[in-house]
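Biologist: Before I take this one back to the bench, can you walk me through how the two halves of the protein meet? I'd like the reasoning behind each label.

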Amino acid sequence: MRRPKSRRFRQQSRLSELQEIELLQSWIESQKPDSGSNPRSLPPLASDARIGRLDASSFSRYAGATKFDQLPISKKTKDGLREAKYKKMTDIQRASLPHSLCGRDVLGAAKTGSGKTLAFIIPVLEKLYSERWSPEDGVGSIIISPTRELAGQLFDVLRVVGRHHGFSAGLLIGGRRDVDLEKQSVNELNVLVCTPGRLLQHMDETPNFDCSQLQVLVLDEADRILDVGFKKALNAIISQLPKQRQTMLFSATQTKSVQDLARLSLKDPEYLSVHEESVVATPNRLQQTAMIVPLEQKMDMLWSFIKAHCRSRILVFLSSCKQVRFVFEAFKKLRPGIPLKCLHGRMKQEKRMGIYSQFCEQQSLLFSTDVAARGLDFNKAVDWVVQVDCPEDVASYIHRVGRTARYHSGGRSVLFLMPSEMKMLEKLKAAKIPLQVIKANTKRIQSISHLLRELLAKYPNINQLAQRAFITYLRSIHIQKDKEIFDVTKLSIDEYSISLGLAMPPKVRFLKNKLKSKTPEVYAPPEPESSVEDGVVDVPREKLEIGDSACGNSSCL
Ligand SMILES: Nc1ncnc2c1ncn2[C@@H]1O[C@H](COP(=O)(O)OP(=O)(O)OP(=O)(O)O)[C@@H](O)[C@H]1O
């Protein structure tokens, strides 16, 4: 964001700014959409319709607008949008901007990758612009994100779209060493993009940290931020913010809980759920599959999948940092023929940011925990999302697969489900998620347990990682809330340990009494949804990805 250079230029632009603000306010006021209405349901404006002031007392309608140019927003924001090649609005932008621009509280829900970020960045800029906010006015807006990477991404969008405004903005996230420097400048920032922990740290530790003039509060991934994990931090934050403010909440899986909303003191919020009537809860261009994979076959299946897709950009979700580290280190040694990266919460922040940017730029495979599950856009370039470990709930599934098929691009996903986790399929179906259950061609699955065994014998550090991965995986299942899906007693522990290459299963104290019988429950998988030919596969060849090498030959080794 730049500031005008010469004094004369500044004086002139202040004058025209004042006139522009006055005009925008009259426009907004005169054409306010009705509370409770959905501007998307109005007919679009004619392409040659006049925009803005029509005569001395009337203005064009902006509810029903389809292009950013038709909105009552400042020239600076319009320039930022145009230069970033944003022209037409997405559904959630069309539905929410007419309300948020008039200062209303908004709860916005729309599928992943549907453009929610601009739906709150634009009103944030416009509110501060209309209040003629300047660096001396301090904190005017706070945007809270659950993860550091997402905060970084939001900050980048703010910088791009707001580049012609003169506001100061700061990215306040944990794990950065420059907290003391931040403390010196935080009071001069107008827009804070932050994670809850770091914001609270400033509220607690930074002398004279002042949010008393706050105009706009945004919670991105609102349901996650209102979740128990952030409850204490969020309550502490909210208690220090003025009640008179505009509040906007956005997520692909929005909360409607009255209790949550009461915590935020929303004032007659507009609930805009643009895809509520949609027959599917996930993006239309997303092809979703699930495969039944017993625990002891997950490593083989994942390896075979990777070998078959080494020309794709793949995001693989595992349930813990330790699993991510083990699979990353072990597979790196086995050299699958695609650059491998890993991302998890225990990494240093600079490294996390570096990996995130590299994965945006380079065709590669990223092993990650749920730290990458929400909000991240990865340049709309992820081809495959692979969920090796079952997500904790439906919302988590939706966010994970939402890392692909963003905006107008396509994408594919595969979920590995253990026989004991089949209840998840029912829950996904009930949540309008179209999932095709497929069977892998077992002949094409490459077993790697012997390779892992050799690797573990040779590299004690990887052996240690394998042991920790084994224990944390079992613990993760043990502590999952949804006991209909997650049952640690149904796991074949010994076989799992062998599949990781371990000579013997590590002791798992917390399960001592639970695992009386190590024999897994016999399970009959449901009939796959598509027809089975020759009893081998039940999907067309182009959909069969395991062992159906996209590299064509071993050149990708
Ligand atoms: N009006 C638009 N025109 C063109 N591209 C857009 C528009 N709005 C958003 N995009 C692009 O669409 C992609 C997804 O947008 P965004 O990240 O805001 O989605 P989201 O709804 O917040 O997703 P998630 O629920 O995963 O957080 C981004 O690459 C963004 O640049």
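Modeller: Here we go through the domains, their contact and the record's annotations; bear in mind that this is a predicted model.

Biologist: How do you know where domain 1 and domain 2 begin and end?

Modeller: The bounds come from a domain assignment, not from my eye. It gives domain 1 as 18–46 + 59–273, and domain 2 as 286–531. Their C-alpha centres are 35 Å apart.

Biologist: What makes a residue part of the contact between them?

Modeller: Heavy atoms within 4.5 Å of the other side. On that rule, domain 1 puts in 20 residues and domain 2 puts in 19.

Biologist: How much area is buried between domain 1 and domain 2, and which atoms give it?

Modeller: About 1700 Å², with 53% coming from carbon and sulfur atoms. On the domain 1 side, Thr112, Glu149 and Gln153 supply 36% of what that domain buries against domain 2, more than any other three residues.

Biologist: Why is Asp223 with Arg374 called a salt bridge?

Modeller: The rule asks for a side-chain nitrogen of Lys or Arg within 4 Å of a carboxyl oxygen of Asp or Glu. Here the closest N and O atoms of Asp223 and Arg374 are 2.9 Å apart, so the pair qualifies.

Biologist: How many salt bridges does the rule find across the interface of domain 1 and domain 2?

Modeller: Three. For polar contacts across that interface, the count is 10 residue pairs, with both partners at pLDDT 80 or more.

Biologist: Which elements give two or more residues to the side of domain 1 that touches domain 2?

Modeller: Helix 5 (148–161) and helix 8 (222–225). Helix 5 has the largest share, with five residues.

Biologist: And what makes up that side by class?

Modeller: It has 10 polar, seven charged and three nonpolar residues.

Biologist: Why is 66–94 called the Q motif?

Modeller: That name comes from UniProt, in an unreviewed entry, which places the short sequence motif at residues 66–94. The record also puts "domain: DEAD-box RNA helicase Q" at residues 66–94. Such annotations may be inferred rather than shown by experiment, so treat the label as the record's word. In the model, residues 66–94 are 45% helix and 0% strand, and the end C-alpha atoms are 6 Å apart.

Biologist: Which residues does UniProt list for "Helicase C-terminal"?

Modeller: Residues 294–446, again from an unreviewed entry. The model makes that span 35% helix and 17% strand, with 15 Å between its end C-alpha atoms.

Technical notes:
Residues numbered from 1 in each chain as written. Predicted model: local features only at pLDDT ≥ 70, side-chain atom pairs only at ≥ 80, totals over all residues. Heavy atoms only, no water. Buried area = accessible area lost by both parts, 1.4 Å probe. Polar contact = N/O pair within 3.5 Å; in protein donor to acceptor, adjacent residues only side chain to side chain. Helix = DSSP H or I, 4+ residues; strand = E, 2+ residues; numbered from the N terminus. Nonpolar A, V, L, I, M, F, W, Y, C, P; charged D, E, K, R; others polar.
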